[in-house]
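Student: I'm new to this structure and would like a close look at the empty spaces inside it. Could you take me through them slowly?

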Amino acid sequence: MTHARTFSLLPPGVRNAFAPTVTYLNAASYGLLPTAVADEVAAAEQRRVRGEFDISAVDGIVANCRAALGRLLGVEASRVAIGAHVSQFVGLVAESLPVGANVLLPESEFTSVIWPFLARRDIRVRTVPFAELAAAVRPGDDVVAAAVVQSADGAVMDAPALVAAAHAAGARVLLDVSQAAGWFPVHDTGADWLVGVGYKWLLGPKGTAFLAGTDEALDTLRPVAAGWYAGDDPWDSVYDAPLRLAPDARRFDLSPVWPAWIGQLPALELLLSAGIANIRAHNVAIANHLRVGLHLPVGNSAIVSVPADAATLERLRAAKVVGAVRAGRLRLACHLYNTADDIDRALEVLRPR
C-alpha cells in the first residue's frame with residue numbers, strides 16, 4: 001500500500017492540516033487537533049485576554065456546528081442539542097425511564113454509556129456480549145443502549161439490525177457514536193437517540209458533546225439541567241420565571257464551552273469536505289495494512305486491538321509510536337491524517353523479532 005494509493009480518495013493536502021511530531025495512532029483517545037483549529041481557539045482566547053471577546057458571536061458558531069452535526073447524523077439541526085459530556089445526555093435518557101423499566105446493555109461497554117443506567121437503583125439492567133445484543137432483545141425491554149464502535153477493541157455494530165430488533169420488541173435505542181462519528185457513517189441507523197463527543201474522531205477540542213433524536217424520543221426526556229442557554233431566546237430569558245424553554249432540542253442545551261465550539265466548527269468542516277465515506281475507506285485500508293503486517297485477518301474497523309507485553313509497549317514509547325492500552329491490550333486507531341508510513345513505523349516495533 002503506497003502513500004499515494006492510501007490518500008487517493010481524500011482531498012489533496014489533508015495531511016498538511018495536521019502537524020504531529022510522533023507516529024500518532026490514538027484517535028480513539030483523542031483526535032489530532034488540526035492546526036487551523038488550534039489557531040482559531042488561540043485567537044479566541046487572545047480576544048479574551050484583550051477584553052475583545054464577543055460572547056454572543058459564539059451563538060452563530062454553535063448554530064453552524066449544530067447544522068454540521070445534523071448532516072453527519074442524518075437529522076435536522078433542530079433535533080440536535082449541545083453539551084460537554086456524553087454521560088450528561090445518557091443521564092437524561094436514564095432519568096426519563098419509569099420505575100421498573102428494563103434496559104439491555106452490552107458487556108464491557110464504556111462506562112459513560114452504562115453507568116447512568118446502573119445508577120438508577122429502581123430499574124432492571126441486564127448485560128450480554130456485544131455481538132449478541134440484537135439477538136438478546138426481548139418483549140418488555142424499554143431501552144437498548146450501546147456504542148456503535150466499541151472503545152476497547154473497535155468492534156463495529158450492525159446498528160440497523162439492532163434498531164430493527166429493538167423496535168420490533170417495542171424498545172427504544174440509544175447509540176453512542178463517540179468512536180464512530182467522523183469516520184463511520186451514522187446518518188441512517190434509525191436509532192431513537194444518538195450521543196457523542198467531539199474531541200475524538202471529530203477532531204475538536206475537549207468540551208463538545210451532542211444529543212440528537214427523533215421528535216418522539218426527545219419528547220420523552222425532561223431537561224433536568226435546564227439553564228439560560230436552553231431558553232427559547234437565551235439572551236431575552238436569562239432572568240426570572242416563567243419557564244421559557246426552546247421548543248426544539250435546544251431545550252436540552254448546556255451553555256457552550258466557548259473555545260471548544262469555536263474550534264469544533266472548522267474541524268467539522270474539514271471532515272465534511274473530505275467526505276465520511278472517503279475517510280472510512282482510508283481509515284479501514286490503513287488499519288488493514290496494520291492487520292496484514294501483523295498476520296491478522298482484515299477487518300472493518302479503524303481500530304486495531306492486539307496483545308502487547310511491557311517490553312513492546314516500552315519499545316513503542318521509545319520509537320514515539322503513540323497508541324493506548326485498553327482492556328489489557330494495545331489499541332491503535334487510524335484516522336485521516338495517518339499514512340502507510342505511520343503503519344510501517346509501528347510494524348517495525350510490533351513484528352516479532
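Student: To start, which residues line the largest cavity?

Tutor: Happy to walk you through it, and keep in mind that this is a predicted model. As for how empty space is found at all, rolling a probe the size of a water molecule over the atoms shows where it is left. Lining the largest cavity you'll find Gln88, Leu92, Pro223, Val224, Ala225, Ala226, Arg251, Phe252, Asp253 and Leu254. Sorted by class, that lining has seven nonpolar residues, one polar and two charged. The space in this largest cavity comes to about 40 Å³.

How many cavities of 30 Å³ or more are there? The count is two, and the second largest has a volume of about 30 Å³. Around that second largest cavity sit Leu69, Gly198, Leu202, Thr208, Ala209, Phe210, Trp261, Gln264 and Leu268. Two elements, β8 (209-213) and α9 (258-274), each give two or more residues to this lining. The largest share is from α9, with three residues. By class, the lining of the second largest cavity splits into six nonpolar and three polar residues, with no charged ones.

Now for the open spaces, the pockets. The largest pocket has a volume of about 270 Å³. It has 20 lining residues, and Phe110, Ser178, Val197, Tyr199 and Lys200 are the closest to its centre. Its lining is a mix of eight nonpolar, six polar and six charged residues. Next comes the second largest pocket, at about 150 Å³. If you want to find it on screen, look for Glu107, Ser108, Phe130, Gln150, Ala152, Asp153, Ala155, Ser305, Arg326, Ala327 and Arg329, the residues that line it. Four of the residues in that lining are nonpolar, three are polar and four are charged.

What about the filled parts? In soluble globular proteins, nonpolar side chains tend to be buried together. Here the largest nonpolar core has 72 residues, and Phe18, Leu175, Val177, Trp183 and Leu336 have the most contacts inside it. The element that gives the most to this core is α9, with eight residues; you met α9 already in the lining of the second largest cavity. Apart from that core lies another one, of 29 residues, including Phe89, Val90, Ile123 and Val197. Val197 is also on the list of residues closest to the centre of the largest pocket.

Let's zoom in on Phe18 for a moment. Leaving aside residues up to four places away in sequence, Phe18 touches Leu32, Leu33, Pro34, Thr35, Leu203, Leu270, Leu336 and Tyr337. Leu336, like Phe18, is among the residues with the most contacts inside the largest core.

Two cysteines deserve a glance too. Cys65 counts as buried because its relative accessibility is 0%, under the 20% cut-off. Cys334 is buried as well, with a relative accessible area of 0%. You might wonder about bonds between cysteines: a search of the whole structure finds zero disulfides.

For a contrast, try Gly170: is this residue buried or exposed? Gly170 has 56% relative accessibility, which is over the 50% cut-off, so it counts as exposed. You'll spot Gly170 in the loop between α7 (159-168) and β6 (172-176). Pro139 is 31 residues from Gly170 along the chain, yet their C-alpha atoms are separated by 6.6 Å.

How values were computed. Residues are numbered from 1 along each chain as its sequence is written. This is a predicted model: local features need pLDDT of at least 70, side-chain atom pairs count only at pLDDT 80 or more; totals for chains, interfaces and linings use all residues. Side-chain values use heavy atoms; hydrogens and water are left out. On a 1 Å grid over the protein atoms alone, a cavity is a set of points where a 1.4 Å probe fits but cannot get out, and a pocket is an open set with protein on both sides within 12 Å along at least five of seven lines; lining residues have an atom within 4 Å of a point. Grid points are joined across faces, edges and corners, and a volume is the space filled by probe spheres set on the points. Ala, Val, Leu, Ile, Met, Phe, Trp, Tyr, Cys and Pro count as nonpolar, Asp, Glu, Lys and Arg as charged, and the others, Gly among them, as polar. Helices (H or I, at least four residues) and strands (E, at least two) are DSSP runs, numbered from the N terminus. A nonpolar core is a set of buried Ala, Val, Leu, Ile, Met, Phe, Trp, Tyr and Cys residues joined through side-chain atoms within 4.5 Å. Buried means under 20% relative accessible area, exposed over 50%, partly exposed in between (1.4 Å probe, protein chains only). Contact means heavy atoms within 4.5 Å. A disulfide is a pair of cysteine sulfur atoms within 2.5 Å.
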